[in-house]
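Here's a walk through how the pieces of this assembly sit against each other, from whole chains down to a pair of helices. Take a look at the model before reading on.

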Amino acid sequence: MNADLVIRGGRVVDATGERRTDVAIADGVIVDVGDDLAGDRVLEADGCVVSPGFVDLHAHLRQPGKEDAETIATGARGAALGGFTAVVAMPNTDPCMDTAAVIREVLDLADGAACEVVPSAAITVGRAGEHLSPMAELAQLGVRMFTDDGTGVQDDRLMKRALEYSSGLAPFTDGASVTLAQHCEVDSLSEGGFMHEGAWSSKLGIPGQPAEAEDLMVMRDIALARATGARVHFQHLSTAGSVELVRRAKASGLPVTAEATTHHFTLTDAACAGYDPVFKVHPPLRTDTDVAAVKAGLIDGTIDAIATDHAPHTRHDKEKPFDQAPPGMLGLESALALALTELDLPLPQLIARMSWQPARIAGIDDRHGGPVAVGRPANLTVFDPAQVWTISGEAMASKSDNCPYEGREVRGRVRHTVTAGEAVVIDGEVQR
Amino acid sequence: MTNHLLSIEELGADGIREVLQLSHTFVEVSARAIPRVPALRGKTLAWLFYEDSTRTRLSFETAAKRLSADTMNFSVGSSSVNKGESLRDTVETISAMGVDCIVVRHGSSGVPWRIREWTDASVINAGDGWHQHPTQALLDCFTIEQRLGPLDGRHVAIVGDIKHSRVARSNVEAFTALGADVTLVGPRTLLPPSLDGWPCKVSHDLDAVVPSADVVYLLRMQNERMNEALVPSMREYSMGYGMTMERVGALADHALVMHPGPMNRGVEIAPEVADLDRAVMVDQVRNGVAVRMAVLYLLLGSGVELPVEGV
Amino acid sequence: MAERERRMSPPFGGVFLARSEVLSESDMTRALRRIAHEIIEANHGLDDVVLVGLQTGGIWLAEAVASHLAEIEGVQPPVGTIDVALYRDDIGLRPVMPEAVTHIPVDLTNKVVVLVDDVLFTGRTIRAALDAVTDFGRPRAVQLAVMIDRGHRELPIRPDFVGKNLPTKRSEAVDVHRGGVDIGEVQK
């Protein structure tokens, strides 16, 4: 059979192991794996790793509502350049992704984007923490992850109800389960805070968000997950305390999962010293100790996935005073390089945390993260793990440039990305 | 001294001494029948006050006028800022008018650091959030040294709401840079969450600290702190941390009582204490003008720029 | 050349290298005494005369003139000091020295102020001093006494009492000190 596309000369790394082989693709599917394959188009992968496409559990694509900061098209382009073949879009859009209509709009806009955009939906209406969103109806449209990200569900009883309700949605999902992903933060402790509460916030005179605000909600949700048996995913763990809580919960056999962002293992609260809101993020950058704990959690598997929490903001918004600027930073195009540069993690484990583990949590492992094998959907990432480059926000595909790694020298860069059989990134250039 | 005065830390011990030393010159100028010199003639200063502050603004205004500088007030309340103009646009607009110096007060910590990146003018921090108020610290140092001589080896107790106080943050840095020992005194809820790296001691017992203090520096206690459950009541606060006549009785004869103003008589300071000779609030205000003249002159007037030809 | 300039280091100041002596110590004493006589003569005595030395080089000269006046007339006129750094139109040239104090002991209104300085050069210091003096009252007259007038005036200012007229090149420097007056260069 004649292949549309051949990835030649790469080292394939997937959940089944590692081998040097060419990969041939036709009609969106891997059609051959072996030596000296031929096809209409050849992507050279000399010196590169060929892996299942990366999946980001956590991206803010800003559409609908904040199209001046990002659109689904530009966000997906950045994702593809970062090697992601799927991103889970967070629901804190305007209007909020809490109704079927908005989910349909997002799916419409995502059609033809440079990667698959998987909408998540809010747990509560308007993410206001008062009433449950129509979860069954949303699940019918394919939503598998619910989150009020940007804030946690504060009310204990409502969170318990949400977990109970979500664990009975199988009739609406063809049997697939859904996950409640929680932004863990007790508002009454962190309200009015703008950076990690500690030595730096004290010196800089910026009101703090204490670590225990995160720890307490992780603690509560572990108790609720145990009580309800529902699937809970912890978003962007940032404290040593919360990592340890998740570690113990997993050790006790609870099926919770967790993600950590690239910035929470790369940057500390010391970065806020110049009052540049590009370093303002939610949850905030923490201390060296927390960074070390997040890294350790990623290495020992307590944390299942590396997420970006890609959160574009216009320059105008990020030029506000530190306490008034919106939190968030770009992440899609720097994620792989930061993981390779900052984490002492063997390649297979690193790819696991960027590809098949998040794919499973997002409920999209039927098409993403699977082994590089004949018959599988062709969502693949080809990257050079040794290439050294310098990060520049300006050069990124995102509409915004709130990149906190400006000028940082990093190692590892995506060369090609293949989404649904199409080469959407070739030699570092996005094709759509 | 650089082109800006943003924090005591950036000014450094030598910078503090330079300002204090020069302030004497301006105390003399301020005492003249015509307390005005043409040193900053032709220089334009803009006040950019996002927070109300009659005292600080008047003090800067007086200092600028005594140096013959032109001043303009970008009054935030009635301006484009209310119409949604961004901080950067405002700063670039003012800069385009050709001002030499922007004196900024803002409720958000760090704003002067941002402004510095957007203008060629000198920037003076007249108070940012909870963070810094460097001219207040300088005038406090000047006032103490005027009364007691060098701060080196002196013991200063800073009492009250340290957590929310830019005066406290600046003064800790300034007093310790000049060699004083500083003790922060207040309930745990009014101390910063972490004092890692702060070169000072902490106490919750004012009565234990008062006898060894050369200066008791009281901070303003705001009513809203009670709503945040930081103290149970003003009455209880005064009982633990108010400067009463009994506590004054335990002070050394030479010891001073200071307050950055405005005072809450009856809360952090008993009314009769505020009127004692050792309560030097009026000196602080008076010296504030001279110290701010010194700051303005150092930033805008004295740079050794022109080469000396024959003399 | 006064303390202020001596204090500055290159590239703004420099090291003064004397080439030759212009006045000896005794020449200078004679000149000061002559100036004292001229002041008395010009003002028909010392009524209302106030000497004001310019910081920093004019201070000791003002005191020296005052003691000659006291010797001659039996009374010493009031002596003040003034720092004109804050009045200069070429600000930036000379930093304020905190110890260069301004001290005017009497109200200058209706007084005859004799400004005393070491070297008269461009005239800009004296212009600044005239501004400064008027901030302390409205004198009946202001007169100027200098040890050296070296020319190169940039303003319409002339001295009333001169120790010595000394033609110089612009690039040269003149140093008046207690031991005499030297001419030379400032080595950057």
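Two residues count as in contact here if their C-beta atoms, placed from the backbone, lie within 7 Å. With that in mind, chain A and chain C do not touch, and their nearest C-alpha atoms are 31 Å apart. Keep in mind as well that this is a predicted model.

**Who touches whom**

Which chains share the most contacts? Two pairs of chains are in contact, and of these it is chains B and C that share the most contacts. Then there's the A–B pair, where 19 residues of chain A meet 21 residues of chain B. On the chain A side of that interface, the top contributor is helix H6 (residues 199-204) of chain A, which gives five residues. Sorted by class, the side of chain A that touches chain B has eight polar, six nonpolar and five charged residues.

**Chain A as a whole**

Chain A has 13 helices and 21 strands. Its radius of gyration is 20 Å, close to the 22 Å that the globule rule gives for 432 residues, so chain A is as compact as a globular protein of that length. If you'd rather think in terms of a box, the C-alpha trace of chain A spans about 60 × 50 × 40 Å along its principal axes.

**Domains in chains A and B**

Both chains have a domain assignment, and here's how the pieces line up:

| Chain | Domain 1 | Domain 2 |
|---|---|---|
| Chain A | residues 3-49 + 376-430 | residues 53-362 |
| Chain B | residues 8-133 + 286-300 | residues 135-281 |

Starting with chain A, the centres of domain 1 and domain 2, taken over C-alpha atoms, are separated by 25 Å. The contact between them takes 31 residues from domain 1 of chain A and 41 residues from domain 2 of chain A. Which elements give two or more residues to the domain 1 side of this contact? They are strand S18 (380-390), strand S19 (409-419) and strand S20 (422-426) of chain A. S19(A) gives the most to that side, with seven residues. By class, the side of domain 1 of chain A that touches domain 2 of chain A divides into 17 nonpolar, nine polar and five charged residues.

Now for chain B. Here 26 Å separate the centres of domain 1 and domain 2, again taken over C-alpha atoms. The contact takes 21 residues from domain 1 of chain B and 21 residues from domain 2 of chain B. On the domain 1 side, helix H1 (8-30), strand S4 (122-128) and helix H12 (281-300) of chain B each supply at least two residues. The largest share of that side comes from H1(B), with seven residues. The residues of the side of domain 1 of chain B that touches domain 2 of chain B come out as nine nonpolar, eight polar and four charged.

**A helix pair up close**

Back in chain A, have a look at helix H4 (residues 156-166) and helix H7 (residues 211-228), whose axes come within 10 Å and cross at roughly 40 degrees. That makes H4(A) oblique to H7(A), and the crossing of the two is right-handed. So who does the touching? From H4(A) come A:Asp156, A:Met159, A:Lys160, A:Leu163 and A:Glu164, and they meet A:Arg220, A:Asp221, A:Leu224, A:Ala225 and A:Thr228 in H7(A). The residues of this helix contact divide into five charged, four nonpolar and one polar.

Terms used: Residues numbered from 1 in each chain as written. Chains lettered and ligands numbered in written order. Predicted model: local features only at pLDDT ≥ 70, side-chain atom pairs only at ≥ 80, totals over all residues. Helix = DSSP H or I, 4+ residues; strand = E, 2+ residues; numbered from the N terminus. Nonpolar A, V, L, I, M, F, W, Y, C, P; charged D, E, K, R; others polar. Domains from an automatic or database assignment. Axes fitted to C-alpha atoms, helices over the stretch in contact; angles between N-to-C directions. Parallel < 35°, antiparallel > 145°, perpendicular 65-115°, else oblique. Left-handed = near helix turned anticlockwise from the far one by under 90°. Rg over C-alpha atoms; globule rule 2.2 N^0.38 Å.
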